[in-house]
Amino acid sequence: MTTTAPPSAAPPRAAKTVTRPGDRIFAGMSRGSGIFLLVVMAAIAVFLTVRAVSAISKDHGNFLTTFEWNAGLNPPVFGIAVLAYGTIVSSVIAMLIAVPIAVGIALFITHYAPRRVGGVLAYVIDLLAAVPSIIYGLWGAIFLVPHMKGLNLWLDTYFGWTVIFDKQDPNSAARSLFTVGILLAIMILPIITNVSREVIRQMPKMHEEAALALGATRWEVIRLSVLPFARSGIISASMLGLGRALGETMAVATVLSASPQLSAHLLDPLGGTFSQNIVAKFGEADQFGRDALIASGLVLFFITLLVNGAARLIIARRKEYSGANA
Amino acid sequence: MAKRIDVSGLTAFYGGFKAIEDISMTVEPRTVTAFIGPSGCGKSTFLRTLNRMHEVTPGGRVEGKVMLDDENLYGSGVDPVTVRRTVGMVFQRPNPFPTMSIYDNVAAGLKLNGVRKKGELDSIVEKSLKGANLWNEVKDRLNKPGSGLSGGQQQRLCIARAIAVEPQVLLMDEPCSALDPISTLAIEDLIGELKTRFTIVIVTHNMQQAARVSDRTAFFNLAAVGQPGKLIEIDDTERIFSNPSVQATEDYISGRFG
Ligand SMILES: Nc1ncnc2c1ncn2[C@@H]1O[C@H](COP(=O)(O)OP(=O)(O)OP(=O)(O)O)[C@@H](O)[C@H]1O
Ligand SMILES: [Mg+2]
């Protein structure tokens with residue numbers, strides 16, 4: 001007896017692929033769950049759209065341009081202008097702060113920190129990503145808001161001329177879009193850092209060696225090889241973070257003092273966001289009010305879709321230059 | 001321009017593992033020296049100690065001396081970044097900067113060295129691409145990405161990138177192993193031309209290639225797996241391939257082991 005069986009002459013057989021039970025079960029299961037997922041999504045979409053359309057068609061004001069959202073008036077007004085503005089502005093602030101810092105931390109972990117320090121730091125940031133958003137919200141309301149006072153006054157004094165940093169009432173609480181933006185930045189920092197770090201870590205060594213062998217310093221290696229290679233990954237990471245910032249509810253609801261004003265003064269306690277408005281109004285709303293809230297949620301969904309589409313365009317436009325075919 | 005390399009008592013480690021031990025050799029300016037030997041004997045490791053790339057690997061450590069004319073590359077106060085600007089390197093797998101155009105790939109090293117003037121860059125890029133026998137194939141698409149070239153063209157692009165900064169020495173680690181025979185011949189011809197300007201060291205597994213391109217050949221070997229690799233002998237290529245002084249070299253060349 002030898003351990004390897006001699007190659008048995010395969011009996012002539014019709015050209016038919018063999019299907020084993022395992023294959024069939026797995027194929028069935030994956031197809032089934034795929035179809036199930038699509039059906040559920042379609043059902044949700046139909047449900048939301050029907051309710052939203054019924055609400056908007058009965059709305060008297062202009063849904064898109066009205067500032068106020070007030071079901072108590074007669075007739076009620078449902079306007080998303082302030083919500084859209086607040087959602088976008090707070091998310092943009094969050095991105096402007098979080099993306100550079102996150103990329104910096106990712107580069108520090110992968111390229112500058114000693115191995116052990118980098119490992120610990122990466123672990124801590126992983127933990128931060130797992131903190132529930134209500135915790136961030138409470139921390140924001142209890143700690144961040146009172147401690148923003150100094151920064152607010154400083155910005156107001158030296159950058160008040162930019163209008164956006166002009167605080168109209170210096171004594172008002174820092175329950176502003178600006179504070180929300182900072183809190184959102186802290187919340188999305190871990191996910192952007194982690195995804196960017198993973199992308200950078202998986203970069204093939206040979207790309208970095210190309211720069212090193214030319215006599216590049218550490219920073220030049222990052223500029224020549226690492227950032228171009230990681231660029232699309234960093235954009236994707238940022239989009240994940242942005243998605244979270246756009247939809248964030250609890251942290252915004254606990255910090256922002258909502259009021260229906262569309263103001264360029266980012267330090268003033270004004271404005272609102274879609275999800276904050278939905279939690280604030282859902283409990284007391286009647287059937288019609290809820291449908292209107294659903295419509296506003298759909299608008300948020302479209303904004304998120306648009307942002308993702310734009311990100312894909314940015315990535316695809318430079319596909320030719322991506323490392324994929326190198 | 002081209003400089004003499006004089007290595008004495010060089011030992012290199014990966015963490016606690018001694019990969020090569022006590023290597024000494026001299027490489028004359030404007031010659032081609034080929035490194036041959038069985039896989040794992042430390043040819044790449046040794047090559048990478050010649051431009052201080054070895055220490056980029058975590059745990060990489062070197063003992064001994066590498067003199068470039070009369071400067072010790074491992075002397076205190078010598079910046080590895082400066083060393084790598086004088087000792088260029090071409091890798092086994094072509095590695096152009098994937099996001100850069102052909103032009104920018106060649107200009108990358110020049111820009112690191114502070115060359116900014118468009119006219120100067122243009123002329124050096126053209127000269128380097130001509131030097132790498134690539135100019136005619138790419139002159140109409142200098143602004144296309146370098147990663148869109150064929151493997152052989154990419155490797156010549158990497159050579160152009162390396163010679164653009166006018167290094168004293170050019171190190172090549174199996175530069176043809178990922179290429180077809182025609183591209184390989186193109187690069188071998190190129191090495192013949194480049195040696196009039198640079199000191200060249202090339203690692204190869206291809207005996208015919210070593211015989212074709214090199215003036216001197218160094219044979220490395222290791223006693224057993226886990227043992228450090230050693231330089232067995234270095235001599236004129238003709239002599240190594242006709243009448244080596246060590247039996248192990250003859251065995252290796254005639255294919256009796258390795
Ligand atoms: N990054 C590394 N970490 C630890 N050990 C390494 C590393 N790179 C190489 N080695 C070890 O060092 C020894 C020499 O490797 P090296 O790559 O220099 O061999 P080589 O002669 O170039 O082989 P090949 O002909 O296959 O390219 C081998 O035992 C290898 O396992
Ligand atoms: Mg090797």
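Reader: Which backbone oxygen lies 3.1 Å from a polar atom of the side chain of A:S275?

Author: Happy to start there: that oxygen belongs to A:E248. Please keep in mind that this is a predicted model.

Reader: What makes that a polar contact rather than just two atoms side by side?

Author: The cut-off for a pair of N or O atoms is 3.5 Å, with one able to donate a hydrogen and the other to accept it. The separation here is 3.1 Å, so the pair falls within the 3.5 Å limit.

Reader: Where is A:S275 found, and which residues is it in contact with, leaving aside its neighbours within four places in sequence?

Author: A:S275 is part of helix α10 of chain A, which covers residues 274-282. Beyond those sequence neighbours, A:S275 touches A:L246, A:G247, A:E248, A:T249 and A:L300.

Reader: Is A:S275 buried or exposed, and how do you know?

Author: Its relative accessible area is 7%. Buried means under 20%, so A:S275 counts as buried.

Reader: Let's turn to the two chains. Why is the pairing of A:E220 with B:R85 called a salt bridge?

Author: The closest N and O atoms of A:E220 and B:R85 are 3.2 Å apart. The rule asks for a side-chain nitrogen of Lys or Arg within 4 Å of a carboxyl oxygen of Asp or Glu, so this pair qualifies. Across the interface of chain A and chain B, the rule finds two salt bridges. There are also four residue pairs in polar contact between the chains, with both residues at pLDDT 80 or more.

Reader: Which helices of chain A each supply at least two residues to the side that touches chain B?

Author: Those are α7 (205-213) and α8 (218-247). The most comes from α7(A), with seven residues. By type, this side of chain A divides into twelve nonpolar, seven polar and six charged residues.

Reader: How many residues does each chain bring to the contact, and what area is buried?

Author: Chain A brings 25 residues and chain B brings 27. About 2,300 Å² is buried between them, with carbon and sulfur atoms giving 64% of that area.

Reader: How many helices and strands are there in chain B, and what makes chain B as compact as a globular protein of that length?

Author: Chain B has ten helices and ten strands. Its radius of gyration is 18 Å, close to the 18 Å from the globule rule for 258 residues, so the description fits. Buried residues make up 56% of the 258 residues in chain B.

Terms used
Residues numbered from 1 in each chain as written. Chains lettered and ligands numbered in written order. Predicted model: local features only at pLDDT ≥ 70, side-chain atom pairs only at ≥ 80, totals over all residues. Heavy atoms only, no water. Contact = heavy atoms within 4.5 Å. Buried area = accessible area lost by both parts, 1.4 Å probe. Nonpolar A, V, L, I, M, F, W, Y, C, P; charged D, E, K, R; others polar. Rg over C-alpha atoms; globule rule 2.2 N^0.38 Å. Buried < 20%, exposed > 50% of the residue type's maximum accessible area, 1.4 Å probe, protein only.
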